[in-house]
Amino acid sequence: MLKIDNLNVFYGPIHALKGISLEVNEGEIVTLIGSNGAGKSTTLSAITGLVKASSGTITFNGKNITNLPPYKIVKMGISLSPEGREVFPALTVEENLTLGAYTRNNHNDIREIFERVYNLFPRLRERIKQAAGTLSGGEQQMLAIGRALMSKPKLLLLDEPSMGLAPNLVLLIFDLIESISKQGTTILLIEQNANMALSIADRAYVLETGRIAFSGDAASLADDPRIRKAYLGG
Amino acid sequence: MHALIGTLINGIALGMAYALIAVGYSMVFGILRLINFAHGAMYAFGAYMVYFFVSLKLGLLPAIMLSILMSGILALLIDKVALEPLRKKKSIPIATLITTVGMSFIIQNFLSIEYIFTSEKKGFPSLNLFGSFTVGNVTIQSSQLIMFVVALILLAILTLLVNKTKIGLAMRATEQNVKAANLMGINVNFIISFTFFLGGATAAIAGALISGYYQVISPTMGSLIGLKAFSAAVVGGIGILYGSVVGGLVVGVAECLAAQYLGSNVRDPMAFVILIIILIIKPTGLFGKKGISKV
Ligand SMILES: Nc1ncnc2c1ncn2[C@@H]1O[C@H](COP(=O)(O)OP(=O)(O)O)[C@@H](O)[C@H]1O
Ligand SMILES: [Mg+2]
């Protein structure tokens, strides 16, 4: 479904991605783990067109989407719940979700997605008219994921959805990610919480300072002593 | 007493037209955190286009329509040609600012071109289309009424557009977080162009209204009024539409009162006196919120 081939990204002189290649197949949960500054978020920014690739290609369902503007990429069926949530603070929960469906025009369709998102996140339904900036961290995270689902993406990109959440909320968010996946959305998940990510993922890539250091199916990576030592706390 | 009421009516009519210019500053500021110093020149351009098309015997209303369209397109082009490339290069905000100042002089100069316009003042068709009428012992010019009603309707339409339509929601989203707006599938460059178009179009309408009221235009007519309207936008809290309306009214009424009771040479400084007083009392303007920075 998604194929990244030898991707290089620079921020001025900083070489953030040094020729990474990875693949996500339809129906999978793939996780991209790695320490702070490894280039995980940059990978998602390049996929969504927020940063330019200096070389390499990104293809989605056979189409070359490298360096297309973000709005075209959303239209093709890729959607990102960004690191740090980035909700629109002064807009209501409902307006935030409406914006998530910006690329959709069919009203019945939009109403149906609203229902689906409210069923996944009943908390959001209770706060429809509340300004997003006044939600708790966990609620904002739900809003960010819900908003990303509103465009009915074929591929959902999640950047550290568990960041800053209490342990019980982390469990809830991971449960929800699994249900979204079961409902038929392909997922590329970035996590600091590598244990949790590997437990729900089919396959995984480990990123170290802009390069893919390891890759393979999630269960065997979770057993790999090198990875246990570096990322899973021993 | 009726002198006071007459002055108030005059101030309110003028203030609504100021508000129409002020919202242009406010909308562009909201999206780009940029003060568009070419906006006053756009107002003059709008008035000159009406004058030009009227001189071609097109009739006042068609001339105004064409002027609105051309001014909107000019504003959009200014952004595309001069400002968007600067944003792409992530240049410092001050570079964009001085570019808009430069643009304002280029437009002003165009309006004083020999053989077409010249730098002389010109007569402008009167907006006093239905004469004047008297209520009690207060006389109201129909030009005042037209200015008030047209500005009111336009401001209401703008408010509805921003608050109730899909493109308005996209404008508000872009205002708050450009990156997230991109991720929603919003074509942010289109939203910015659209905002500039609206700014140019409303400036042209204000240009037609105020010129029709005073019945005179000159190439530099936009500079003082532009600064007054900018003050009005800041007084109300820049970036907030209804703030611009209140700011416009405050400035319009204050300067008419000042001219009536303190002498006509006190009229023009009033906008700035109010600006200074309001900003000392409330640095974000009357309705402004904290946390809006950048240039
Ligand atoms: N906007 C930016 N400007 C400059 N450097 C950046 C920017 N964003 C990220 N970087 C740098 O790129 C590298 C990768 O960052 P990032 O993709 O955010 O890592 P991760 O998400 O894995 O923590 C880091 O060295 C970071 O400092
Ligand atoms: Mg990151």
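A salt bridge is a side-chain nitrogen of Lys or Arg within 4 Å of a carboxyl oxygen of Asp or Glu. The exercises below concern a predicted model.

**Exercise 1.** Determine what joins the side chains of B:K179 and A:E86, and place this pair within the interface of chain B and chain A.

*Solution.*
1. The N to O distance between the side chains of B:K179 and A:E86 is 3.1 Å. The cut-off is 4 Å, so the pair meets in a salt bridge.
2. The count of salt bridges between chain B and chain A is two.
3. The contact involves 17 residues of chain B and 21 residues of chain A.
4. About 1900 Å² is buried between the two chains, with 66% of it on carbon and sulfur atoms. Of the area that chain B buries against chain A, 36% comes from B:Q176, B:L183 and B:M184, more than from any other three residues.

**Exercise 2.** Classify the packing of helix α3 (residues 93-100) of chain A against helix α4 (residues 107-120) of chain A.

*Solution.*
1. Two packed helices are described by the angle between their axes and the distance between the axes.
2. The axes of α3(A) and α4(A) come within 11 Å and cross at roughly 125 degrees. This angle makes α3(A) oblique to α4(A).
3. The crossing in which α3(A) passes α4(A) is right-handed.
4. On the α3(A) side, A:E94, A:L97 and A:T98 take part; they meet A:F114, A:V117 and A:Y118 of α4(A). Sorted by class, the contact of α3(A) with α4(A) has four nonpolar residues, one polar and one charged.

Note on methods: Residues numbered from 1 in each chain as written. Chains lettered and ligands numbered in written order. Predicted model: local features only at pLDDT ≥ 70, side-chain atom pairs only at ≥ 80, totals over all residues. Heavy atoms only, no water. Axes fitted to C-alpha atoms, helices over the stretch in contact; angles between N-to-C directions. Helix = DSSP H or I, 4+ residues; strand = E, 2+ residues; numbered from the N terminus. Parallel < 35°, antiparallel > 145°, perpendicular 65-115°, else oblique. Left-handed = near helix turned anticlockwise from the far one by under 90°. Contact = heavy atoms within 4.5 Å. Nonpolar A, V, L, I, M, F, W, Y, C, P; charged D, E, K, R; others polar. Buried area = accessible area lost by both parts, 1.4 Å probe.
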